[in-house]
Amino acid sequence: MLIMGILNVTPDSFADGGRHNDFDAAVARGLEMIAEGVDIIDIGGESTRPGADRVSEAEEIQRTIPVITELAKHGARISIDTMRASTAEAAIKAGAAIINDVSGGLADSQMLRTAARLQLPYIAMHWRGQSKDMNSKAIYNDVVVDVISELQERVDAALDAGINPSNLIIDPGLGFAKDAQHNWEIIDSIDKFVAMGYPVLVGGSRKRFLGGDSPDEREQASIELTKRLATTGVWAVRVHSVKPHSEVLTK
Ligand code: PMM
């Protein structure tokens, strides 16, 4: 299982916001992750925590592109965490190799076609709407059945847009329009997502459903989750700390 290290270059992300919001600190953290053996560095300039406001395209590009350019020079495999086709394209030009779109192509009508044209891996996450009001959309008949069917719609849209099936990666979107119970039900049935036939990425690290009062208190639960997912056929986990997660994978 691969480790995707989170590098949010945002002043307001829920877990590490404010700590890496300048260029030097972001690059330093990226280099540290490379030294720790990270497989992919996921760089984002727009917070998606519940209730977050959107940032402008210019701001998103200004935050992420210099950091991508610098870390790509050091040989890092980089994904760009963006819902915007324009930002994705700029990031790819700067050296990113994967597009991580939390909206699965729903936020920007140009995204799927852009990803198809760029012929690079594209991560489609399950999403029901912008972070501002996503918590009100956490209503399901059967969360596993519903999320799989909505994710399958995004898979079909991606393939229709010309994305090569070998470039498609799926993600159930833990914490996005889902309450704690929903997230745990998805984790309990993660094999059903794996059975959809595409590599599965899971991003649970330090999210609220893990319990605890602060993101740091959720660290231990995050590591436990990685340990649990390691034997399920999941392709990669998206995590804040790299070393503790790679350690449980090698044990
Ligand atoms: N979660 C966040 C942001 N981007 N991307 C994917 N593919 N999957 C996720 O679960 C995901 C994501 C929110 O967490 P953050 O604020 O720590 O980045």
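Is Arg63 buried or exposed, and what is its relative accessible area? In this predicted model, Arg63 is buried, its relative accessible area being 14%; the legends below begin with the whole chain and then turn to individual sites.

**Figure 1. Overall view of the predicted protein chain.** The chain is built from nine helices and eight strands. Its radius of gyration of 17 Å is close to the 18 Å that the globule rule gives for 251 residues, so the chain is as compact as a globular protein of that length. Along the principal axes, the C-alpha atoms fill a box of roughly 45 × 40 × 35 Å. Buried residues account for 55% of the 251 residues, and among contacts with a separation of 6 or more, 66% are between residues 24 or more positions apart. The accessible surface is about 10,300 Å², with 49% of this area belonging to carbon and sulfur atoms. The chain carries 26 positive and 36 negative side chains, and the centres of these two sets lie 1 Å apart.

**Figure 2. Close-up of the salt bridge between Lys132 and Asp53.** The closest N and O atoms of Lys132 and Asp53 are 2.7 Å apart. This pair links distant parts of the chain, with the two positions 79 residues apart in numbering: Lys132 belongs to the loop between β5 (122-125) and α5 (143-160), whereas Asp53 belongs to the loop between β2 (40-44) and α2 (57-73). Lys132 counts as exposed at 52% relative accessibility, while Asp53, with a relative accessible area of 47%, is partly exposed. The bridge is one of 14 salt bridges found in a search of the whole structure.

**Figure 3. Close-up of helix α2 at Arg63 and Glu59.** A salt bridge joins the side chains of Arg63 and Glu59, with an N to O distance of 2.9 Å. Both residues lie in α2, four residues apart, which is about one turn of the helix. An α-helix has 3.6 residues a turn, so residues three or four places apart point the same way. The two partners differ in their burial class, since Arg63 is buried, at 14% relative accessible area, whereas Glu59 is partly exposed, at 30%.

**Figure 4. Close-up of helix α2 at Glu70 and Lys73.** In this view the side chains of Glu70 and Lys73 meet in a salt bridge with an N to O distance of 3.1 Å. The two residues are three apart within α2, again about one turn of the helix. Glu70 is partly exposed, with a relative accessible area of 21%, and Lys73 counts as exposed at 61% relative accessibility. Elsewhere, Arg29, Glu32 and Glu36 are joined into one network by salt bridges that share partners.

**Figure 5. Close-up of Ile98 in strand β4.** Strand β4 spans residues 98-101 and includes Ile98, which is buried, with a relative accessible area of 0%. Leaving aside residues up to four places away in sequence, Ile98 touches Ile40, Arg77, Ile78, Ser79, Ile80, Ile92, Pro121 and Ile123. By contrast, the C-alpha atoms of Ile98 and Pro215, which are 117 residues apart along the chain, are separated by 26 Å.

**Figure 6. Close-up of helix α3 and its surroundings.** Helix α3 covers residues 85-94, and its buried residues are Ala85, Thr87, Ala88, Ala91, Ile92 and Ala94. The elements that cover these buried residues include α2, β3 (78-81), β4 and α4 (111-118). Ile92, one of the buried residues of α3, is also among the residues that Ile98 touches. Just after the helix, Gly95 takes a positive phi of about 125°.

**Figure 7. Close-up views of Gln119 and Arg206, two residues with positive phi.** Most residues other than glycine have a negative phi. Gln119, although not a glycine, has a positive phi of about 55°; Gln119 is found in the loop between α4 and β5 and counts as exposed at 61% relative accessibility. Arg206, likewise a residue other than glycine, has a positive phi near 60°. Arg206 is found in the loop between β7 (201-202) and α8 (219-229), and is buried, with a relative accessible area of 10%.

Technical notes:
Residues numbered from 1 in each chain as written. Predicted model: local features only at pLDDT ≥ 70, side-chain atom pairs only at ≥ 80, totals over all residues. Heavy atoms only, no water. Rg over C-alpha atoms; globule rule 2.2 N^0.38 Å. Buried < 20%, exposed > 50% of the residue type's maximum accessible area, 1.4 Å probe, protein only. Contact = heavy atoms within 4.5 Å. Areas by Shrake-Rupley, 256 points an atom, 1.4 Å probe, with all protein chains shown as cover. Lys, Arg positive; Asp, Glu negative; His and termini not counted. Charge placed at Lys NZ, Arg CZ, Asp CG, Glu CD. Salt bridge = Lys/Arg side-chain N within 4 Å of Asp/Glu carboxyl O.
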